[in-house]
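This report describes selected features of one protein chain. It treats salt bridges, a sheet and internal cavities in turn.

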Amino acid sequence: RAYDEPYRPQVHFSPARNWMNDPNGLLHHDGTYHLFFQYNPAGNTWGNMSWGHATSPDLVHWEERPVAIPHDEEEMVFSGSAVFDRDNTSGLGTAAAPPLVAVYTSMVKATGRQRQSLAFSTDGGETWTRYAGNPVLDIGSDNFRDPKVFWHAPTDRWVMALALSAEHRIRFYASPDLKTWTHLSDFGPAGATGGVWECPDLFELPVAGAPGRRRWVLIVNLNPGGPAGGSAGQYFTGDFDGTTFTADPQDAPRWLDHGADAYAGVTYNDAPDGRRILIAWMNNWLYGEKIPTDPWRSAMGFPRELGLRAAADDSAVLVQQPVAELATLRRRPALRIAGRRIPAGTSRLLRDAALTYEVEAELRPDGAQRCGLEVRSGGGQRTRIGYDLAGGELYVDRTASGDVGFSADFPAVHRAPLALTDGVLKLRVLVDRSSVEVFAADGAVCLTDQIFPGPDATGLATFAEEGGVRVERLTVWPLRSAW
Ligand code: FRU
């Protein structure tokens with residue numbers, strides 16, 4: 001069977017072979033979710049950057065398609081976005097058959113110059129043609145990339161956000177036709193600036209719990225300088241008036257994900273029902289080219305539905321959950337627990353959990369100073385997803401998770417500040433053959449980490465140190481493979 005190698009993700013997209021990084025051109029069109037991605041058609045490390053392509057009816061089952069926009073003699077095809085040009089504003093299609101338009105960074109091989117270019121498709125995204133008038137935006141910079149374009153209805157024009165990476169600035173442009181762009185404003189430096197700024201995104205969401213209130217969210221990816229080392233995404237909430245993004249006050253950087261493996265996260269254009277869906281690259285530039293997978297490298301994180309929740313101080317907090325379509329892969333629960341006290345120590349719940357499963361748990365520390373779940377345990381290996389009461393922190397410990405020796409940057413404990421909810425740690429965990437994604441406190445705190453456990457590390461346990469823990473509720477759903 002294909003897609004069955006030991007570390008091959010079963011519920012995440014990965015290319016059959018070769019290197020992948022950022023998601024690109026996320027567009028829902030005509031019932032299909034398009035996922036383009038940074039891809040090396042000729043090798044299993046970064047190079048020859050082109051746009052690979054996969055499609056899905058439901059964000060769960062993916063089919064890899066032929067390379068959409070290959071690199072050529074002159075340029076590599078760096079990250080960017082795609083739109084449906086419904087009114088054929090670009091003239092690259094016809095009124096009767098309007099085009100899909102990709103806006104990408106063309107990295108000039110000879111000089112390193114980064115310019116913005118277009119490609120278009122008139123067959124629903126299968127084949128793409130470069131626009132003869134490329135580039136459409138060139139300011140003479142070597143650090144000017146990753147355009148996110150969307151239709152801004154209030155001003156009746158296209159808006160682009162892109163990164164002046166080395167200056168920690170997001171620059172906004174507007175266009176009537178995707179071909180001519182006018183500079184609107186700049187945002188930054190702000191928040192975390194410990195690395196270059198890449199792959200921005202900008203969108204508006206309603207604030208749950210505050211009727212009528214809406215905020216704009218600006219996503220800015222950062223490399224290095226993330227909370228777990230290396231690559232990470234941060235976000236700002238604020239207002240966008242069609243010209244300028246004004247951030248709400250914030251004391252500290254706000255992280256999309258506190259783990260090591262959630263980078264270049266951006267969202268879909270034109271997702272149905274006003275849904276805002278994010279996909280991130282589930283890898284990290286610190287060690288990404290060394291992970292022990294072959295003949296492919298990298299998977300995408302599971303697609304997440306984004307929302308905003310009103311916080312006590314009147315701010316809005318981003319919340320994330322795996323898209324609801326994940327439930328279509330659930331088998332009958334392998335385990336259900338309600339109200340069980342577990343003493344200090346490690347208590348096995350399942351000897352042979354599936355290699356791919358979902359857990360929902362509510363754990364109440366009952367004397368324990370640290371407690372949580374151990375996934376993929378056995379043969380001396382385990383990945384701990386725990387809570388540290390003294391520190392007030394959620395953590396994932398992958399120091400003994402399996403193969404950790406391919407990079408000194410890999411084995412580590414990753415932490416995120418988290419307050420318990422009425423004394424309870426509320427977790428949702430998605431375990432695949434080489435990853436864990438943790439959604440805590442109903443998605444307000446997320447932590448994504450790759451792991452590379454051996455085939456015998458199939459156990460699931462709870463652990464508690466210096467006291468016990470009460471399992472208020474716990475359900476384990478084995479997941480069917482999406483392949
Ligand atoms: C982010 C990034 C982008 C760039 C692409 C090149 O991971 O560095 O800024 O467009 O990867 O592959």
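## Salt bridges, sheet and cavities

Glu 63 counts as partly exposed because its relative accessibility is 45%. The model is a predicted one, and Glu 63 forms a salt bridge in it with Arg 65. Arg 65 has a relative accessibility of 25%, and therefore also counts as partly exposed, since the partly exposed class lies between 20% and 50%.

Side chains of opposite charge can pair when their charged atoms come close. The structure holds 36 salt bridges, and three of the pairs are set out below.

| Pair | Closest N and O atoms | Accessibility class |
|---|---|---|
| Glu 63 and Arg 65 | 2.7 Å | both partly exposed |
| Glu 325 and Arg 275 | 2.8 Å | both buried |
| Glu 437 and Arg 304 | 3.8 Å | both buried |

Two of these pairs link distant parts of the chain. In the salt bridge between Glu 325 and Arg 275, Glu 325 belongs to the loop between strands E21 (316–322) and E22 (335–342), while Arg 275 belongs to the loop between E17 and E18 (277–281); the two residues are 50 residues apart. In the salt bridge between Glu 437 and Arg 304, the partners lie in strands: Glu 437 in E30 (residues 435–440) and Arg 304 in E20 (residues 304–310), 133 residues apart.

Salt bridges also join into a network, which links Arg 330, Glu 358, Glu 360, Glu 362, Arg 428 and Arg 473.

Strands of a sheet pair through backbone hydrogen bonds, either parallel or antiparallel. One open sheet here has 4 strands in the order E5-E6-E7-E8, paired in the antiparallel sense. Its edge strands, E5 (75–84) and E8 (129–130), each pair on one side only. E8 is joined to strand E7 (residues 114–121) by 2 bridges in the antiparallel sense. Phe 120 stands opposite Thr 129 of E8.

Edge strand E5 also takes part in lining the largest cavity, as one of the strands that each supply at least two residues. The others are E1 (18–29), E9 (144–152), E13 (196–208) and E17 (263–267). Strand E1 gives the most, with 4 residues.

The largest cavity has a volume of about 110 Å³, and a search of the whole structure finds 5 cavities of 30 Å³ or more. Its lining comprises 15 residues, with Gly 80, Ser 81, Pro 147, Lys 148 and Val 266 lying nearest the centre. By class, this lining has 6 nonpolar, 7 polar and 2 charged residues.

Conventions:
Residues are numbered from 1 along each chain as its sequence is written. This is a predicted model: local features need pLDDT of at least 70, side-chain atom pairs count only at pLDDT 80 or more; totals for chains, interfaces and linings use all residues. Side-chain values use heavy atoms; hydrogens and water are left out. Two strands pair if DSSP finds at least two bridges between them. On a 1 Å grid over the protein atoms alone, a cavity is a set of points where a 1.4 Å probe fits but cannot get out, and a pocket is an open set with protein on both sides within 12 Å along at least five of seven lines; lining residues have an atom within 4 Å of a point. Grid points are joined across faces, edges and corners, and a volume is the space filled by probe spheres set on the points. Ala, Val, Leu, Ile, Met, Phe, Trp, Tyr, Cys and Pro count as nonpolar, Asp, Glu, Lys and Arg as charged, and the others, Gly among them, as polar. A salt bridge is a side-chain nitrogen of Lys or Arg within 4 Å of a carboxyl oxygen of Asp or Glu. Buried means under 20% relative accessible area, exposed over 50%, partly exposed in between (1.4 Å probe, protein chains only).
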